[in-house]
Structures are given as C-alpha cells and as structure tokens.
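This briefing is meant for a reader who is meeting the structure for the first time. Please look through the sequence and the model before turning to the points below.

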Amino acid sequence: MAHHDVKADIRAILDDPKLPMSEKIAQLESMREGARAEMRAATESAMVDDNEVGDDLKLLDRVLEDLAVHPRSIEDGGGATL
C-alpha cells in the first residue's frame, strides 16, 4: 500500500484561510488518532512496516505542540500505549 503524504495534508490544513484555528486543530488531532490506530495495527502484523507511520505520528505531535495543543488520547495513560 502506498504511503499517504501527511506533510502535504498538514500544510493544506494549516494554510487554509477559511478554516478557524479550532477546526485546524480538530482535523490535525483526527489525523493523529488515525496515525496511532494505523501504528497500532502495524505492530500487530509482521507484514506492515510502521516506520513511516511513526514518523507521521511524531510530525503530527510536533505540529500540535507548536500550536500549543497537548494531544492526549484515552490510550496515553493505559496499558495499550505505544
């Protein structure tokens, strides 16, 4: 499966003048949750390389942190953390 260009998606969200900051943050957080789910699935399958997904997750975390958002997932405090 071809890897999706997350950097381009992030840039498109951040550069969209029509989106209020709250919606930009919501979309970025949704992307982050998707990346976490994909990485979780990759760790359960020997057939999937999760390196790019991990890089995407780090990038999304960094962008959200730059926006002064501290993303937190229900999994961050539990045993299912990555």
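The expected span of a helix is 1.5 Å times one less than its number of residues. With that in mind, helix H2 has 23 residues and reaches 33 Å from its first C-alpha to its last, which is close to the 33 Å expected at 1.5 Å a residue. The model described here is a predicted one, and its protein chain holds three helices and zero strands.

**The chain as a whole**

- Read along the sequence, the protein chain follows the pattern α-α-α, in keeping with its three helices and zero strands.
- The protein chain has 82 residues, of which 29% count as buried.
- When contacts between residues at least 6 apart in sequence are taken together, 62% of them join residues at least 24 apart.

**How H1 and H2 pack**

- Helix H1, which covers residues 6-15, packs with helix H2, which covers residues 21-43, at an angle of about 165°, and their axes are 9 Å apart.
- Angles over 145 degrees count as roughly antiparallel, and H1 and H2 are therefore roughly antiparallel to each other.
- The crossing that these two helices, H1 and H2, make is right-handed.
- On the H1 side the residues that take part are Val6, Asp9, Ile10, Ile13 and Leu14, and they meet Lys24, Gln27, Leu28 and Met31 on the H2 side.
- Sorted by class, this contact of H1 with H2 has six nonpolar residues, one polar residue and two charged residues.

**Burial and exposure along H2**

- The buried residues in H2 are Lys24, Ile25, Leu28, Arg32, Ala35, Arg36, Met39 and Ala42.
- Lys24 and Leu28, which are buried in H2, are also among the H2 residues that meet H1.
- Glu29 is likewise found in helix H2, but Glu29 counts as partly exposed because its relative accessibility is 31%, and buried would require a value under 20%.
- Leaving aside its neighbours within four places in sequence, Glu29 is in contact with Leu64 and Val69.
- Glu29 and His70 are 41 residues apart in sequence, while in space their C-alpha atoms are 9.8 Å apart.

**Helix H3 and the segment after it**

- Asp61 is found in helix H3, which covers residues 51-66, and with a relative accessible area of 24% Asp61 is partly exposed.
- The C-alpha atoms of Asp61 and Arg32 are 7.4 Å apart in space, although the two residues are 29 apart in sequence, and Arg32 is one of the buried residues of H2.
- Ala68 lies in the segment after H3, and at 63% relative accessibility Ala68 counts as exposed, since exposed means over 50%.
- Ala68 and Ile25 are separated by 43 residues in sequence and by 10.0 Å in space, C-alpha to C-alpha, and Ile25 is included among the buried residues of H2.

**The segment before H1**

- Asp5 is found in the segment before H1, where, at 46% relative accessibility, Asp5 counts as partly exposed.
- Asp5 and Asp56 are 51 residues apart in sequence and 9.0 Å apart in space, again taken from C-alpha to C-alpha.

How values were computed: Residues numbered from 1 in each chain as written. Predicted model: local features only at pLDDT ≥ 70, side-chain atom pairs only at ≥ 80, totals over all residues. Heavy atoms only, no water. Axes fitted to C-alpha atoms, helices over the stretch in contact; angles between N-to-C directions. Helix = DSSP H or I, 4+ residues; strand = E, 2+ residues; numbered from the N terminus. Parallel < 35°, antiparallel > 145°, perpendicular 65-115°, else oblique. Left-handed = near helix turned anticlockwise from the far one by under 90°. Contact = heavy atoms within 4.5 Å. Nonpolar A, V, L, I, M, F, W, Y, C, P; charged D, E, K, R; others polar. Buried < 20%, exposed > 50% of the residue type's maximum accessible area, 1.4 Å probe, protein only.
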